[in-house]
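Here's a quick tour of how some helices pack and where the empty space sits. Have the structure open while you read.

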Amino acid sequence: MDVMYQSPSDYHVQPRQHYFSPYSWNGGTVLAVSGDDFALIASDTRLSEGFSIHSRNIPKTYQLTDGVVLGSCGFHGDVLTLSKVLGARLKMYEHEHHKKMSCKAVAAMLSTILYYRRFFPYYTYNILAGLDEEGKGCVFSFDPVGSYEREQYRAGGSASALLQPLLDNQIGGLNQEGWNNQSLPLDKAIALVKDVFISAAERDIYTGDGILLNIVTKDGVRQESFPLRRD
């Protein structure tokens, strides 16, 4: 009986191409809502990669000043780097001008930082929340290369496709006849954020474990937390 042996070169008939990516997707969801005298920004606390959960207590919100909070998710390494760069720039501004940077000024600065890295961008979804010069709540959403706009509400991250339609329905009243566009009270905004995150955690495996809410008012920033499902 003849035995056929294969040489190592026979195992690789076609050339194999290897890919390298400097990015990683760590999931997470951020959401911001603004009102007449407040801004609210919330995130879940799950840090994951694929089907592995690295941590259950990593919020994606970062308080930049006494009245400005950044929500950022995506590649956690870029999120940490971006938050450190913003912190350093804010300290330089404060030492030079002897005052805190306003929310609009922080938004413009963040846009410049993101555009500077447009050829190798930060893999982050960024939302900024705070109060403007008139004391009204403001929310700024960004794309990866620095284009931004002011909005009343915005969701970003892995569950944004689930959260944004709910916000459009409950806050924006889009495509609804006879919609009464009233100002959104703070207690209703908090209850709505809890409801939409609970719904998202049922469908998105990268969102879960808990919610951290940052509520910005004229008195400063206070935090509230609520549990989500942990499986």
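How are α3 and α4 oriented relative to each other? This is a predicted model, and in it helix α3 (residues 160–172) and helix α4 (residues 186–203) pack at an angle of about 150 degrees. Angles over 145 degrees count as roughly antiparallel, and α3 and α4 are therefore roughly antiparallel to each other. Their axes sit 10 Å apart, and α3 passes α4 in a right-handed crossing.

Who's touching whom here? On the α3 side you'll find L162, L163, L166, L167, Q170 and I171, and they meet L192, V196, F197, S199, A200 and R203 in α4. Sorted by class, that contact comes to 9 nonpolar, 2 polar and 1 charged residues.

Now for the other helix pair. α1 packs with helix α2 (residues 103–116) at about 125 degrees, and the axes are 11 Å apart. That angle makes α1 oblique to α2. The crossing of α1 and α2 is right-handed. From α1, the residues taking part are L82, V85, L86, R89 and L90, and from α2 they are V106, M109, L110, I113 and L114. The class split for this contact is 9 nonpolar, no polar and 1 charged.

Here are the two pairs side by side:

| Helix pair | Angle | Axis distance |
|---|---|---|
| α3 and α4 | about 150 degrees | 10 Å |
| α1 and α2 | about 125 degrees | 11 Å |

On to the empty space. How many cavities of 30 Å³ or more does the structure hold? It holds 1, and the largest cavity has about 40 Å³ of space. Around that cavity you'll see N26, G27, L47, K60, S72, C73, G74, H76 and V79. Two elements, β6 (68–74) and α1 (76–97), give two or more residues each to this lining. β6 gives the most, with 3 residues. As for α1, this is the helix that also packs against α2. By class, the cavity lining divides into 3 nonpolar, 5 polar and 1 charged.

Then there's the largest pocket, with a volume of about 150 Å³. Which residues line the largest pocket? They are Q152, Q170, I171, W179, N180, N181, Q182, S183, L184, P185 and K188. In class terms that's 4 nonpolar, 6 polar and 1 charged.

Two of those names should ring a bell: Q170 and I171 are in the pocket lining, and Q170 and I171 are also among the α3 residues that meet α4. K188 is another lining residue worth clicking on, since α4 covers residues 186–203.

Terms used: Residues numbered from 1 in each chain as written. Predicted model: local features only at pLDDT ≥ 70, side-chain atom pairs only at ≥ 80, totals over all residues. Heavy atoms only, no water. 1 Å grid on protein atoms, 1.4 Å probe; cavity = no way out; pocket = protein on both sides within 12 Å on 5 of 7 lines; lining within 4 Å. Points joined across faces, edges and corners; volume = space filled by probe spheres on them. Nonpolar A, V, L, I, M, F, W, Y, C, P; charged D, E, K, R; others polar. Axes fitted to C-alpha atoms, helices over the stretch in contact; angles between N-to-C directions. Helix = DSSP H or I, 4+ residues; strand = E, 2+ residues; numbered from the N terminus. Parallel < 35°, antiparallel > 145°, perpendicular 65-115°, else oblique. Left-handed = near helix turned anticlockwise from the far one by under 90°. Contact = heavy atoms within 4.5 Å.
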